[in-house]
Structures are given as structure tokens and as C-alpha cells.
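Hi everyone, thanks for coming. I'd like to walk you through one model today, and please stop me whenever you want a closer look.

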Amino acid sequence: MIPGEFEFHLLNASDALVRKAYNDANGNIVFDPLTFDRPTTQDLEFTIVEVNSGAVGVTYSDAVYTVTVAVVDNTVTGELEPVVTVKDASGTDVTDSWTYENSYKGLPAHVTVHASKVLNG
């Protein structure tokens, strides 16, 4: 896989773009961090989608994952802690393992073989 070959968007509840990320050579996708300076009063929901950039022969994943973020105040440590869950379109919790799967089928190659014929005599 070529680093940066596939693009992903993190969208807020209004479908506005929050962050873009690209795959690395191993297929990992890491968005720049979101920063929270106080606990959230309600869960924040985001969606992550793969962008179809139209690469020839690639069938892009249409998977949409919902990311829910709650930021809580840990009164023991005095630190803010994010609680993140990820669910697929059916609502199944996939926080520990979620992927985008694409397929590739190259276009047919056409070869023309040229030869010549000589008749002597």
C-alpha cells in the first residue's frame, strides 16, 4: 500500500469536515488529535468515512463508522480522560477492531502480436 493513497474524513454531527487523514504504508489511519479543555456535558458524535478519489480499478469501502467521545473529569488524578467508542452502521461496537476494506481489479491488458511471413522460392 502506498502511503497517502487513501483519504479519510472525520465529520461532526452536521457533516462538516473536522479532520482529514491518510493511510500509512501499513494501512494505519491516524487523525490529528482533538483537544478538549473541559469535560463534555453530553457525548460528541463524529463519523469517519473513506473518500472515493476515483482510482482506476479500486472499489472503495462504503463503511461508515460512528465515533462517540465523552470527556470526563477524573477526580482522583485531576485529569480529563476521553472515553471513545466506535460503532459500525448496524450499531455494533467495533472499538477494538474496525477496518475499511477495498478491492482492486486491474483493467484488462490488450496485447497485439506482430509477425511477418516470408515465402521464398
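I'll go through the sheet, then its strands, then a few single residues, and finish with the pocket.

One thing to say at the start: this is a predicted model. Please keep that in mind while you turn it around on your screens.

Let's begin with the sheet. In what order do the strands of the open sheet run? The order is S2-S1-S3-S5-S6, so to speak from one edge across to the other, with 5 strands in total and antiparallel pairing. At the edges sit strand S2, residues 17-22, and S6, and each of these pairs on one side only. If you ignore direction, neighbouring strands of this sheet are turned by 25° against each other on average.

Now please zoom in on S1, which covers residues 7-11. Is S1 enclosed or open to the outside? It is largely enclosed by the rest of the structure, because 5 of its 5 residues are buried. For anyone who wants the cut-off, buried here means under 20% relative accessible area. Both faces of the strand are covered. On one side you will find Glu7, His9 and Leu11, on the other Phe8 and Leu10, and all of them are buried.

S1 has a partner on either side. Towards S2, the two strands pair in the antiparallel sense over 5 bridges. You can follow that pairing residue by residue: Glu7 stands opposite Tyr22, Phe8 has Ala21 as its bridge partner, and Leu10 stands opposite Arg19. Towards S3, there are again antiparallel strands, joined by 5 bridges. Glu7 turns up here as well, this time opposite Val51 in S3.

Let's follow the chain out of S1. S1 and S2 form a hairpin, and 5 residues lie between them. Which residue in that turn has a positive phi? That is Asp15, with a phi of about 65°, and a positive value in a residue other than glycine is something to look at on your own screens. Asp15 is found in the loop between the two strands. It counts as exposed because its relative accessibility is 55%, and the cut-off for exposed is over 50%.

Next, the start of the chain. Met1 is in the segment before S1. Is Met1 buried or exposed? Met1 is exposed, with a relative accessible area of 56%. Even so, it has company: leaving out residues up to four places away in sequence, Met1 touches Phe6, Asn23, Asp24, Ala25 and Gly27. Take Ala25 as an example: 24 residues separate it from Met1 in sequence, while the C-alpha atoms are 5.3 Å apart in space.

Now compare that with Val72, in strand S5. Val72 and Ile48 are also 24 residues apart along the chain, but their C-alpha atoms are separated by 23 Å. Val72 is partly exposed, at 36% relative accessible area. Setting aside neighbours within four places in sequence, Val72 is in contact with Glu79, Leu80, Glu81 and Val83.

That last name takes us across to S6, where Val83 lies. Val83 is partly exposed too, with a relative accessible area of 43%. Which residues does Val83 touch? Not counting those up to four places away in sequence, they are Thr68, Val69, Ala70 and Val72. For a sense of distance, Val83 and Gly4 are 79 residues apart in sequence and 28 Å apart from C-alpha to C-alpha.

Last stop, the pocket. How much space lies in the largest pocket? It holds about 620 Å³. Of the 24 residues lining it, the closest to the centre are Ile29, Phe31, Ile48, Val67 and Trp98. The elements that give two or more residues to this lining are S1, S3 (44-51), S5 (64-74) and S6 (79-87). By class, the lining has 16 nonpolar, 5 polar and 3 charged residues.

To pull this together: we have an open antiparallel sheet of 5 strands, with S1 largely enclosed, and a largest pocket to which S1, S3, S5 and S6 each give two or more lining residues. That's my tour, and I'm happy to take questions.

Key: Residues are numbered from 1 along each chain as its sequence is written. This is a predicted model: local features need pLDDT of at least 70, side-chain atom pairs count only at pLDDT 80 or more; totals for chains, interfaces and linings use all residues. Side-chain values use heavy atoms; hydrogens and water are left out. On a 1 Å grid over the protein atoms alone, a cavity is a set of points where a 1.4 Å probe fits but cannot get out, and a pocket is an open set with protein on both sides within 12 Å along at least five of seven lines; lining residues have an atom within 4 Å of a point. Grid points are joined across faces, edges and corners, and a volume is the space filled by probe spheres set on the points. Helices (H or I, at least four residues) and strands (E, at least two) are DSSP runs, numbered from the N terminus. Ala, Val, Leu, Ile, Met, Phe, Trp, Tyr, Cys and Pro count as nonpolar, Asp, Glu, Lys and Arg as charged, and the others, Gly among them, as polar. Axes are lines fitted to C-alpha atoms, for helices over the stretch in contact, and angles run from 0 to 180 degrees between N-to-C directions. Buried means under 20% relative accessible area, exposed over 50%, partly exposed in between (1.4 Å probe, protein chains only). Contact means heavy atoms within 4.5 Å.
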